[in-house]
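Let's take a walk through some charged side chains and the partners they pick. Have the model open and follow along.

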Amino acid sequence: MKMNRNLYRIFLLVTFLALNALILFGVTSALSYLNTGADRTSMLHLHEEISASYLPKVQWEIAQNEGRPMETQTLGEIERDYLSAWQVRNAAYANNVPYGVADYYTDSMRTELFKITELNLKNKVSLQTTTLEHHPKLEFYSTDGKLVVFTDKNVSAYEEVYHNETLVAKRKLLSDYKVMLLLEDGFWRVRHLVENTLPKTEEQTVPRVQNLKNFHFKGINYYPQNTPWDMFGDKFDISIIEHDFKLMANMGINSLRIFIPYESFGKEHVDQEKIEKVKLTLDIAEKSGLDIMPTLFDFYGNYSINDWTMTNRHVEQVVESLKDHKAIIAWDVKNEPDLDFESRGKERVLAWLEQTVARIRSIDPERAITIGWASPEAAVHLKDELDLVSFHYYRGASEFEAAFTILKNKVRDKPLLLQEYGYSSYDGIWNAFSGSDEKQKAYIETIQRVVEKEHLSHMIWTLYDFKNIPTSVVGRLPWRKVQQRHFGLLDSQGRKKPVYDIFINTTLE
């Protein structure tokens with residue numbers, strides 16, 4: 001009986017202590033929440049990575065505004081909340097679910113947005129939209145620091161309209177906005193957003209491609225032999241590149257195509273260390289007398305409108321950093337984007353390409369711009385937007401001339417470039433013993449006859465047979481990896497293959 005009473009007392013004491021611990025934990029959690037506030041990404045029902053994906057270009061104009069002077073920190077908060085307001089509006093129009101609207105719009109503005117999303121939901125209409133540039137000019141900042149008025153000029157936007165998930169319209173917009181923001185509960189909320197759509201202006205024709213006048217590419221798609229598809233990674237070796245560039249210059253090569261992968265270069269936050277490696281490469285190219293065509297956005301494949309502001313920031317950093325180098329002769333926007341037509345949607349891919357071409361041209365209007373289409377048939381897309389029409393070819397050699405002639409007849413006012421072509425000399429079991437050095441030679445010989453006859457600029461794939469192919473590039477299937485290793489003019493030991501002389505002796509004079 002005495003032992004039972006002791007156990008009972010111990011149980012009561014433990015229960016008392018546990019209840020007090022739970023009460024204390026609840027009080028501290030509540031105080032912590034009240035002190036820190038709710039996380040905005042949670043309130044918006046957005047993931048952090050989505051919230052950080054909207055990065056339009058913003059250039060403020062601040063002169064002598066009425067009211068009190070604008071503080072730098074406050075201006076940053078205004079810009080942050082203003083752009084967040086655009087982002088949640090875009091998300092609301094896309095999904096017809098107005099998450100986050102209450103955080104960035106006052107009552108009257110919320111009502112208008114709710115009406116629009118309810119109407120679109122009823123009619124099964126949705127809008128995919130983004131803004132690309134904002135140019136706000138500060139007009140008024142109240143003395144109490146709770147109201148700001150500015151004009152957002154030349155807001156560049158793109159919009160797609162879907163009905164029952166089918167694209168029915170798309171358009172580019174250029175507008176001015178009169179904007180009023182109120183500071184409420186620590187948020188700068190939109191009180192007024194009045195749009196004035198600007199009339200379309202005729203685009204000025206800018207003289208282009210002067211750097212391609214009388215120039216014929218006799219080039220190579222280049223990777224160092226030991227680091228294919230990872231030229232600017234941790235194993236970057238400028239001495240190897242210098243050796244290869246001198247070798248190719250002595251072969252009579254005048255141009256190279258190199259690749260700048262989007263993700264490994266840091267996406268919207270470009271890795272400046274890798275940019276410096278590219279600059280070193282360009283220095284060696286200039287010294288060797290080689291012109292360089294960088295291919296941007298290698299391994300990129302999203303194209304979503306929500307991605308546009310991030311890819312634009314990538315373009316600005318890469319092109320701005322490299323555009324003044326004399327070794328660069330042209331920009332290649334993307335490698336084989338037509339292969340993504342089926343999986344990503346043809347209209348989405350073309351829209352992304354068109355606006356990216358315009359972005360590159362706004363930064364570097366002097367150099368030619370092209371796109372590396374995977375086939376002659378695809379190369380007619382956006383031909384009016386480009387300065388150089390490029391295409392790839394890996395089909396039957398006997399069919400090449402007919403395919404090229406069709407393209408030439410469709411593109412009469414732009415220079416053409418056979419930007420990538422080749423043939424694997426692999427003759428093992430994974431190719432049913434159907435390849436050989438002699439077959440590679442015969443294939444390229446047939447192509448080169450047309451190249452010579454048509455004075456066609458060309459860039460072969462590639463200088464060396466590679467020793468290893470990254471699985472991330474072609475997958476794990478052995479018959480794909482091993483064939484990709486044997487496209488070179490030189491074998492894995494650096495010796496000339498029979499195809500070497502066929503390519504080198506081709507003239508375009």
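Start with Arg257 and Glu420: their side chains meet in a salt bridge, with N and O 2.7 Å apart. Arg257 sits in strand 8 and Glu420 in strand 13 (residues 416-421), so this pair ties together parts of the chain that are 163 residues apart in sequence. Keep in mind as you look that this is a predicted model.

Is this pair buried or exposed? Take Arg257 to begin with: its relative accessible area is 0%, and buried means under 20%, so Arg257 is buried. Glu420 comes in at 8% relative accessibility, so it counts as buried too.

Arg257 has another partner to look at. Asp332 also forms a salt bridge with Arg257, and here the closest N and O atoms are 3.1 Å apart. Again the pair links distant parts of the chain: Asp332 belongs to strand 10 (residues 330-335) and Arg257 to strand 8 (residues 255-261), 75 residues apart. Both Asp332 and Arg257 are buried. Put the two bridges together and you have Arg257 in strand 8 joined to Glu420 in strand 13 and to Asp332 in strand 10.

Now move over to the helices. Which residue does Arg359 pair with? Its salt-bridge partner is Glu316, with the closest N and O atoms 3.4 Å apart. Arg359 is in helix 11 (residues 346-363) and Glu316 in helix 9 (residues 308-322), so to speak two distant stretches of chain, 43 residues apart, linked by one pair. Arg359 has a relative accessibility of 7%, so it counts as buried. Glu316, at 18%, is buried as well, because the cut-off is under 20%. This pair doesn't stand alone, either: salt bridges with shared partners join Glu133, Arg313, Glu316 and Arg359 into one network.

While you're on helix 9, find His314, which is also placed there. With a relative accessibility of 1%, His314 counts as buried. What lies 2.7 Å from a polar atom of its side chain? That would be the backbone oxygen of Lys267. Leaving aside neighbours within four places in sequence, His314 is in contact with Tyr262, Phe265, Lys267, Glu268, Val270 and Phe297. So Lys267 turns up twice around His314, as the source of that backbone oxygen and in the list of contacts.

To finish, zoom out to the whole model: the salt bridges come to 25 in total. Among them are Arg257 with Glu420, Asp332 with Arg257, and Arg359 with Glu316.

Note on methods. Residues numbered from 1 in each chain as written. Predicted model: local features only at pLDDT ≥ 70, side-chain atom pairs only at ≥ 80, totals over all residues. Heavy atoms only, no water. Salt bridge = Lys/Arg side-chain N within 4 Å of Asp/Glu carboxyl O. Helix = DSSP H or I, 4+ residues; strand = E, 2+ residues; numbered from the N terminus. Buried < 20%, exposed > 50% of the residue type's maximum accessible area, 1.4 Å probe, protein only. Polar contact = N/O pair within 3.5 Å; in protein donor to acceptor, adjacent residues only side chain to side chain. Contact = heavy atoms within 4.5 Å.
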